[in-house]
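This report describes one protein model for a reader who has not seen it before. It begins with the strands and then turns to charged pairs and surface patches.

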Amino acid sequence: MNLCIDQGNSRTKVAVFNNDRLIKHVIYKNFTSADVEKLFSLYSIDYAIISSVANIEPAVVNTLHRLAKRFVLFDHKTPVPIQNAYDTPETLGQDRLAAAVGGVKLFPNENVLIIDIGSAITFDVVTKDNTYIGGNIAPGLKMRFSILKQMTKKLPFVEVEPDDLIPLFGKNTHDAIAAGVIRGIIFEVKGYMRTLAERGDTFQTIMTGGNCHYISKYIDSVCEQKHLVLQGLNTILNYNIHA
């Protein structure tokens, strides 16, 4: 069994895999070495990998080193099963690279556009020859709502639920902000998909991230993969185990 840990900006997502099958998924607000100990006590874990866009607690790393037969601290030097053509691989978020690997695993030998809607929104492209060629970073959904509140005198902070019906145009300030943010992201996504299609290449589009359910229902021809980063980490871990 493999333990895969994705430490993001606001949460830590953890999964236990038996080969390629996800058997347990947990989200932590604060992930500690005690949580690592508990996971190893509950499951027969052999190998572990951790990816982080923040600072990892040394105690967590030490515990993983101690308990796992093989532990991978994922960084830009870690071997991965795709080519990385990013100009500055040391600055590329490991979550973005892991998602790219997960996309290739899901759609081998195809062009893939990966849209991760989390604290930030990332758009990443992998070509059918398994080359990650780069991507873009934009403000996330909640970040956009917060900025409108912080940078204006009178606009309120607006919260929406995934099941809320978002109008095309708002008839009050609340709905105008909700539609401006949600519909704006929808148009961004559709714009990237349309632009890639106009270039003549066929792309599989995958949407992932904690807030993807706000957007994916409005987009046709999108494969929603909630655990894409964790699936990519599992693939990277297996690649290093068997290298």
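Which residue in β3 is the bridge partner of Lys 13? The partner is Ile 27. The model is a predicted one, and the strands around Lys 13 are a convenient place to start.

**Strands**

Strand β1 covers residues 2-7 and runs antiparallel to β2, with six bridges joining the two. Four residues lie between β1 and β2, which form a hairpin. On this side, Lys 13 in β2 is the bridge partner of Asp 6. Strand β2 is also joined to strand β3 (residues 21-28), here by seven bridges, and this pair is antiparallel as well. The hairpin of β2 and β3 has two residues between the strands, and Asn 19 in the turn has a positive phi of about 60°. Strand β2 itself, residues 12-18, is mostly covered, since six of its seven residues are buried.

**Salt bridges**

Side chains of opposite charge can pair when their charged atoms come close. The model has six salt bridges, including the three in the table.

| Pair | N to O distance |
|---|---|
| Lys 13 and Asp 6 | 3.8 Å |
| Arg 66 and Glu 37 | 2.5 Å |
| Arg 144 and Glu 188 | 2.5 Å |

Lys 13 and Asp 6 are thus linked by a salt bridge and are also bridge partners in the strands. Asp 6 counts as buried, because its relative accessibility of 7% is under the 20% cut-off.

The salt bridge between Arg 66 and Glu 37 ties together parts that are 29 residues apart in sequence, because Arg 66 lies in helix α2 (residues 58-67) and Glu 37 in helix α1 (residues 33-42). Arg 66 is exposed at 53% relative accessibility, while Glu 37 is partly exposed at 35%.

Arg 144 and Glu 188 also meet in a salt bridge. This pair links helix α4 to helix α5, with the two positions 44 residues apart in sequence numbering. Arg 144 is buried at 18% relative accessibility, and Glu 188 is partly exposed at 25%.

**Surface patches**

Helix α4, residues 141-150, holds Met 143. Met 143 is partly exposed, with a relative accessible area of 37%, and it forms a nonpolar surface patch with Ile 147 and Met 151, with about 310 Å² of accessible area together. Lys 142 is also in helix α4 and belongs to a positive surface patch with Arg 11, Lys 29 and Lys 226.

A patch of negative charge is formed on the surface by Glu 159, Glu 161, Asp 163 and Asp 164. Among them, Glu 161 lies in the loop between α4 and α5 and is exposed, with a relative accessible area of 51%.

Note on methods:
Residues are numbered from 1 along each chain as its sequence is written. This is a predicted model: local features need pLDDT of at least 70, side-chain atom pairs count only at pLDDT 80 or more; totals for chains, interfaces and linings use all residues. Side-chain values use heavy atoms; hydrogens and water are left out. Patches are made of residues with over 30% relative accessible area and no salt bridge: like charges are joined within 9 Å, nonpolar side chains (Val, Leu, Ile, Met, Phe, Trp, Tyr) within 5 Å. Accessible areas come from the Shrake-Rupley method with a 1.4 Å probe; for residues, only the protein chains shown count as cover. A salt bridge is a side-chain nitrogen of Lys or Arg within 4 Å of a carboxyl oxygen of Asp or Glu. Buried means under 20% relative accessible area, exposed over 50%, partly exposed in between (1.4 Å probe, protein chains only). Lys and Arg count as positive and Asp and Glu as negative; His and the chain ends are not counted. The place of a charge is taken as NZ of Lys, CZ of Arg, CG of Asp or CD of Glu. Two strands pair if DSSP finds at least two bridges between them.
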